[in-house]
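Please open the model in your viewer, with the backbone drawn as a ribbon and selection by residue number switched on. The stops below go from single residues to sheets, a helix and the core.

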Amino acid sequence: MEVLKFTFGPFSENTYVLVDQKTKECIVVDPGMYDSSERAYFTSVLESKELKPTLLLNTHCHIDHVMGNAFIHDQFGLSPQTHVKAIEMLERADLAAKLYGLNYDLSPAAHTTLEEGKNISFNSHELEVLFTPGHSPGHVVFFNKTEGYLIGGDVLFKGSVGRVDLPGSVPADLVKSIQNKVYLLPEETIIYSGHGPETTIGVEKKTNPLVSEHNSIL
Ligand SMILES: [Zn+2]
Ligand SMILES: [Zn+2]
């Protein structure tokens with residue numbers, strides 16, 4: 001599946017679209033389009049490629065990752081799927097928006113929950129779900145084993161990790177999620193993070209200044 005990357009909104013959040021080239025159906029992960037120009041841009045890119053979103057996933061439900069849920073629902077009739085421990089945050093995303101002084105269209109409720117061990121089948125493709133709490137209590141990442149990439153949300157960034165000073169963050173859990181789950185994936189796996197550029201498991205294991213393979217300063 002081809003990975004399309006968009007960077008949207010006041011938090012420069014990465015929205016990913018995973019495309020099944022055969023059917024042109026696609027998965028939207030963490031839609032963060034914020035204003036009408038970002039929405040129009042997203043629509044124009046999808047239309048130019050004749051893509052049809054048929055699945056909406058949230059790695060976690062911080063406001064920057066769910067801002068576009070309502071838009072995706074309106075445009076394509078999709079409701080989000082996320083981890084059960086993220087539901088409360090999804091339901092309270094309007095409060096977070098108020099806190100930051102942001103406009104926010106209420107997300108539809110999550111109709112299906114995601115859990116580790118239950119893979120997501122998408123046409124002929126398969127995404128493994130890994131439960132990776134720490135930055136946020138209900139955080140999951142999506143591993144495409146066949147194609148060697150991880151849609152990683154806010155767990156691990158190039159040279160950094162997800163914030164652990166937010167309500168619900170548990171630094172020790174994030175370290176465990178990274179060292180005991182993410183870093184066990186093949187070294188050449190590309191990580192598409194929720195913020196910033198791509199990196200690989202191998203590079204971060206060796207060079208990440210906050211959580212390396214065996215050490216952490218969190
Ligand atoms: Zn986050
Ligand atoms: Zn984020």
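Begin by selecting Ser12, which is found in the loop between strand 1 (2-8) and strand 2 (13-19); helices (H or I, at least four residues) and strands (E, at least two) are DSSP runs, numbered from the N terminus. This is a predicted model, in which local features need pLDDT of at least 70 and side-chain atom pairs count only at pLDDT 80 or more, while totals for chains, interfaces and linings use all residues. Residues are numbered from 1 along each chain as its sequence is written, and chains are lettered from A and ligands numbered from 1 in the order in which they are written.

Although Ser12 is not a glycine, it has a positive phi of about 45°. Ser12 is exposed, with 12 other C-beta atoms within 10 Å; a residue counts as buried if 20 or more other C-beta atoms lie within 10 Å of its own, as exposed if 12 or fewer do, and as partly exposed in between, with C-beta atoms placed from the backbone. In the hairpin of strand 1 and strand 2, which has four residues between the strands, Gly9 takes a positive phi near 80°.

Next, select the two strands of this hairpin. Strand 1 and strand 2 run antiparallel and are joined by seven bridges; two strands pair if DSSP finds at least two bridges between them. Lys5 stands opposite Tyr16 in strand 2.

Then move on to Lys24, in the loop between strand 2 and strand 3 (25-29). Lys24 also is not a glycine, yet has a positive phi of about 70°, and Lys24 is partly exposed, with 13 other C-beta atoms within 10 Å. On either side of this loop, strand 2 and strand 3 pair in the antiparallel sense over four bridges, and the bridge partner of Leu18 in strand 3 is Ile27.

Now widen the selection to the whole sheet. Six strands form an open sheet in the order 1-2-3-4-5-6, with mixed pairing. Strand 1 and strand 6 (112-114) stand at the edges, each with a single partner strand, so one side of each is left without a neighbour in the sheet. Neighbouring strands of this sheet are turned by 30° against each other on average, direction ignored. Add helix 3 (residues 69-76), which lies across strand 3, strand 4 (52-57) and strand 5 (80-83) and runs at about 145° to strand 4; axes are lines fitted to C-alpha atoms, for helices over the stretch in contact, and angles run from 0 to 180 degrees between N-to-C directions.

For the second sheet, select the strands in the order 7-8-9-10-13-14, which form an open sheet of six strands with mixed pairing. The edge strands are strand 7 (120-122) and strand 14 (199-200), each of which pairs on one side only. Within this sheet, strand 10 and strand 13 (residues 190-193) pair in the parallel sense over four bridges, and Tyr149 stands opposite Ile190 in strand 13.

Which residues does Asp154 contact, leaving aside its neighbours within four places in sequence? Asp154 is in the loop between strand 10 (149-153) and strand 11 (156-157), and its contacts are with His60, His135, Gly162, Gly194 and His195, two residues being in contact if their C-beta atoms, placed from the backbone, lie within 7 Å. Asp154 is buried, with 27 other C-beta atoms within 10 Å.

Select helix 6 (residues 171-180) next, where Leu174, Ser177 and Ile178 are buried. Seen down the axis of helix 6, its buried residues fall within an arc of 90°, so they line one face of the helix; the arc is that of the directions from the helix axis to the C-beta atoms. These buried residues pack against strand 11 and strand 12 (160-161), whereas the face turned away from the buried side carries the exposed residues Ala172 and Asn180.

Finish with the largest nonpolar core, which has 53 residues, those with the most contacts inside it being Val29, Val141, Phe142, Leu150 and Ile178. A nonpolar core is a set of buried Ala, Val, Leu, Ile, Met, Phe, Trp, Tyr and Cys residues joined through C-beta atoms within 7 Å. Not counting residues up to four places away in sequence, Leu150 touches Val141, Phe143, Leu185, Thr189, Ile191 and Tyr192.
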